[in-house]
Amino acid sequence: MKWNLKNITLDIVIPLGLIGILSAQAVYSQQATSTQVVTLRVVELNKIDLVGGALTLQISNIDENAGQPNPAIDASTKLLWTSNGDARKIAVGSDVVSPRFILKIEAKKSGSGNGFAQPEVTLSDNSPHDLILGVQRSAGSCNLRFTAVATAEQGVGSESHLITYTITGG
Amino acid sequence: MGPLNFLALSSTLYSRSTLGRSTTWRKKFVLIAFFIFLFGLLSNFGYSQVYGTTTNKITVKVQTITIVQITGSIVNLTVSGTNAIAGQDQMIATDQSSTLLWGTNSSLKKVTVKTNLAAPKYTLQLVAVSPTVGTAASQVTLSTAASDLVTNIGRSSGSCGLLYTAIALASQGIGTDAHTITFTVSTQ
């Protein structure tokens, strides 16, 4: 047989190509596939929680130089939050409309997450006050420092506050 | 004509013929008649048992068969507030509503899984739960590269639950990932 391009093509290239195609089909026939659609959706969520339950601030001594009772301070409570939203803030408010004694709160930002602690807030009414600004797509925490102040003129007594912390649009 | 009929006819013919008058011829006639009777008997016996024969060659050929199927073809995973804990960046949602079924008559097979989403925003993990046959691989994070889901499933039909775990970080914000998950039974 004379080996020219036509003979090589007809006798070698085409048969080898067919064998290759058939082999590939044989390999594929040994596999099976199935598909499934999975949709993962993340909606906006805002979570806020406290570590540390009810606390009592007791004013029980007097600054002799000032002639006024010493403030009572507690920094045992920790505030935790998680938000995947943008430009959020944390506000704080009391349910007491006209408190007899002065109750102040300050966020001591030492934990993780973004956000900017605001200056100490006096809970003088039941309206919300900014506690932390600039919370954005993060999980964070801070310590809460409560300060109770009473004057001698206010006498003795007790007052209960229900403090509410809220993540809102900032 | 049956052998008994043939024997009766032969006897009748013999009695009417002149041959019956000779003792020698009588013996020969009886002997011939006996052989003819025997031949007829055997011939009829054979015909009553076999009417015809033929053969048929049958080849049963079993090719490699491999199938895989999913019950519950659509899964919706939503990471919402119920899945979050204050102070933790990571939020998780899970789903185990679908089942993977497979069958193969070839040995050394495994099930692999991959997603078509090249750059997912969130993490999607999958693990086979309680496979009836084979060995479940450890939890895999889905990518476009195939990962083992169940190994050593050769020559079996089996099933397993599919446990999806979605992981989103608060820092990743809100959004949606749409995956098309492909399960493949392939050679191990």
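**Figure 1. The loop between β8 and β9 of chain B holds B:N152.** This view comes from a predicted model. The strand before the loop, β8 of chain B, covers residues 147-151. B:N152 is not a glycine, yet its phi is positive, at about 60 degrees. Is B:N152 buried, exposed or partly exposed? The residue has 14 C-beta neighbours inside 10 Å, so B:N152 counts as partly exposed.

**Figure 2. B:R155 sits in the loop between β8 and β9 of chain B.** Its phi is near 45 degrees. That is a positive value, and B:R155 is a residue other than glycine. Within 10 Å of B:R155 there are 12 other C-beta atoms. A residue is exposed if that count is 12 or fewer. B:R155 is therefore exposed.

**Figure 3. B:W102 lies in strand β3 of chain B.** Why does B:W102 count as buried? Because B:W102 has 28 C-beta neighbours inside 10 Å, and 20 or more are enough for that label. Which residues does B:W102 contact, once neighbours within four places in sequence are left aside? They are B:I67, B:V68, B:V111, B:I153, B:S157, B:G158 and B:V185. B:N152 can be located from here too. B:W102 and B:N152 are 50 residues apart in sequence. In space they are 12 Å apart, C-alpha to C-alpha.

**Figure 4. The largest nonpolar core has 53 residues.** Which members touch the most others? They are B:V111, B:Y164 and B:A166. Strand β9(B) gives the largest share of this core, six residues. Now take B:V111 by itself. Not counting residues up to four places away in sequence, B:V111 touches B:V68, B:L100, B:W102, B:L149, B:V150, B:I153, B:F183, B:T184 and B:V185. B:W102, the residue of the previous view, is one of these.

**Figure 5. Chain B brings 47 residues into contact with 29 residues of chain A.** Five strands of chain B each supply at least two residues of the side that touches chain A. These are β1 (66-71), β2 (74-79), β3 (90-104), β9 (156-169) and β10 (175-187). Which of the elements gives the largest share of this side? It is β10(B), with 13 residues. The residues of this side of chain B divide into 22 nonpolar, 23 polar and two charged.

**Figure 6. Strand β1 of chain A joins β10(B).** Strand β1 of chain A spans residues 32-42. How many bridges join the two strands? There are 11, and the strands run antiparallel. Follow one pair across: A:R41 stands opposite B:T176 in β10(B).

**Figure 7. Five strands of chain A form an open sheet.** Their order is β2-β5-β11-β7-β9, and the pairing is antiparallel. Which strands are at the edges? They are β2 (46-51) and β9 (121-122) of chain A, and each pairs on one side only. Look also at β7 (residues 102-108) and β11 (residues 138-149) of chain A. Seven bridges link these two strands, in the antiparallel sense. Here A:A107 stands opposite A:L144 in β11(A).

**Figure 8. Another open sheet in chain A has four strands.** The order is β8-β10-β6-β12, again with antiparallel pairing. At the edges stand β8 (116-117) and β12 (163-169) of chain A. Each has a single partner strand, so one side of each is left without a neighbour in the sheet. Two bridges join β8(A) to β10 (residues 129-135) of chain A. These two strands run antiparallel. A:A117 stands opposite A:I132 in β10(A).

**Figure 9. Both chains can be traced element by element.** Chain A has one helix and 12 strands. From the N terminus on, the helix of chain A comes before the strands. Chain B has two helices and 10 strands. In chain B, too, the helices precede the strands. How much of each chain is buried? For chain A, 23% of the 170 residues count as buried. For chain B, the figure is 21% of 188 residues. Now take contacts between residues at least 6 apart in sequence. In chain A, 77% of them join residues at least 24 apart. In chain B, 76% do.

Note on methods:
Residues numbered from 1 in each chain as written. Chains lettered and ligands numbered in written order. Predicted model: local features only at pLDDT ≥ 70, side-chain atom pairs only at ≥ 80, totals over all residues. Contact = placed C-beta atoms within 7 Å. Nonpolar A, V, L, I, M, F, W, Y, C, P; charged D, E, K, R; others polar. Pairing = 2+ DSSP bridges. Core = buried A, V, L, I, M, F, W, Y, C linked by C-beta atoms within 7 Å.
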